[in-house]
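Colleague: Could you take a close look at the ligand site for me, and then follow the protein outwards from there?

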Amino acid sequence: MKIPSVKGTRDFYPPQMAVRNFISNGWKAVSLRNGFVEYDGPIFEYLRMYQIKSGDEIVEQLFHLTDRGGRELAIRPEITPTLARMINQRINALPRPIKWFSVPRLCRAERPQKGRLREFFQWNIDIVGVDDILADAEVIFCTLDYLRSAGLTAADITAKISSRKLLAALLMHLGIAEDQLETLYPILDKKAKLPADTFAAMLAEAVANQAAVQIILKLLDIHSVGDIQTLVPDVASNRQAQSALDELHRLFDLLKAMGVADFCRFDMSIVRGLAYYTGMVFEVHDAVGDLRAVCGGGRYDNLLRDFGGPALSATGMGMGDCVLEILLRERGLLTESLSQRCVDFFVVCMDEVLMPKALDIVSRLRSCGKSTEFSYKTVGLGKQLKLADACGARQVIIIGQEYLNEQKIILKDMKTGTQSAVDESSLFVSDSD
Ligand code: HAM
């Protein structure tokens, strides 16, 4: 019976694994150079952890199970609730600011589509305990630092930035009740994912005041902070909106000072689907706009408190590997050489009686830290050289007649094709000698 792989999952054969490692090694290197330290948590948590604050969309996409002890569990769809739980547990012992990163494997029972699967890897960076927009700027900078180091330019990607604080102030200014905001955010977040008239109809159903609906629709199309004043003329009298606008101005000044202003743009339509965001929100999108978001994040000042901890502010970002890989491939930034095998030596044994000598050389080279391969069968030279080529061997060591006659081995450089008879001892000269 043939068993297929599960819908929305991937098998990582060696070439795919090489790409996955290339991406996650890049994420890790950039996190470390930006001062983040690594953490991880369990692959499953109590189901109720995600029901507290992640929002309906994530709850609907949970893979959940009941364990043998009757505990209701869920495979993690994101790691932010785990981070909040872990920080709350050790809150007094952790040096501040807390700058943590992680690359967890996550599962969401989403409809599989281009860039969205049921199992994926997600780079997370989070800064906890800094109630200053400077931390938000650093999260955006670190995100762009990675994307830029991967070879993407401001012509390829845009960081679209907005503020839930600003949106909340404007919506309440338009007469929307505060307790309605949380149900409205996931609807507003759908703007880019739905046809315009479907989205407008959904909004008209959620908001009773149709005049407000028309202003909200126009608000979401704003790409310049100055245009808010034109649409909502008395915004200057709204203290909450003004303070959110001041914060946004400072954020853009900081991003300019950090040298990433070219990548950044204000965009009121960025709302984010998750329930816990309270301040700056952002997503990175491909410039063409035909892919889902490359990443998303923002400030979430109440999550730790909602999880029974202190009122500690936090800001962060999550980037999946799927859209990123599509984008890097489309831009020619994933080279074929990534998945090509490469070893320092391939040892060719030409005679069964010399196999113990060949194995001795292989094991000593490996102990010296040199990657070394050999053939399990003493087939002809041509066949073994083909195997060496397939391994991407830089040098081939041939143990044959010359060894039997005068204890010499043949060393062949696979790039230049040159070869010479040398003493076995010359192989074990360390790089520092
Ligand atoms: P999110 O918007 O749910 O946020 O996911 C962030 C990113 O994860 C997306 O932009 C996408 O790159 C990737 N992603 C999400 N779902 C899938 C999927 N089904 N398949 C492939 N990739 C996916 C969060 O998860 C927040 N916890 C991020 C965060 C961290 N906010 C603050 N700190």
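Modeller: Here's the ligand site, followed by what lies behind it.

A few ground rules: this is a predicted model, so local features need pLDDT of at least 70 and side-chain atom pairs count only at pLDDT 80 or more, while totals for chains, interfaces and linings use all residues. Residues are numbered from 1 along each chain as its sequence is written, and side-chain values use heavy atoms, with hydrogens and water left out.

The ligand has 26 residues around it, where being near takes a heavy atom within 4 Å. Glu78, Thr80, Leu117, Asp126 and Tyr277 come nearest. The shell splits into 11 nonpolar, 9 polar and 6 charged residues; nonpolar is Ala, Val, Leu, Ile, Met, Phe, Trp, Tyr, Cys and Pro, charged is Asp, Glu, Lys and Arg, and the rest, Gly included, are polar.

Now the polar contacts (N or O pairs within 3.5 Å; inside the protein one atom must be able to donate a hydrogen and the other to accept it, and sequence neighbours count only through side-chain atoms on both sides). Glutamine 122 puts a polar side-chain atom 2.9 Å from a ligand oxygen. Tyrosine 276 has a side-chain N or O atom 2.9 Å from a ligand nitrogen. Glycine 320 uses a polar backbone atom, 2.9 Å from an oxygen of the ligand. On its own the ligand would expose 660 Å², and the protein buries 96% of that (Shrake-Rupley areas, 1.4 Å probe; for residues, only the protein chains shown count as cover).

Strands β7 (119-128), β11 (295-299) and β12 (314-320) each give the shell at least two residues. Strands are DSSP E runs of at least two residues, helices H or I runs of at least four, numbered from the N terminus.

Behind those strands, have a look at alanine 135, which sits in helix α5. Leaving out neighbours within four places in sequence, alanine 135 is in contact (heavy atoms within 4.5 Å) with Ile127, Val130, Arg299 and Thr315. Alanine 135 is buried at 5% relative accessible area; buried means under 20%, exposed over 50%, partly exposed in between, with a 1.4 Å probe and protein chains only.

α5 (133-149) also turns up further out, as part of what covers the buried residues of α11, along with elements including α6 (164-173) and β10 (280-286). Among those buried residues of α11 are Ala241, Leu248 and Leu255.
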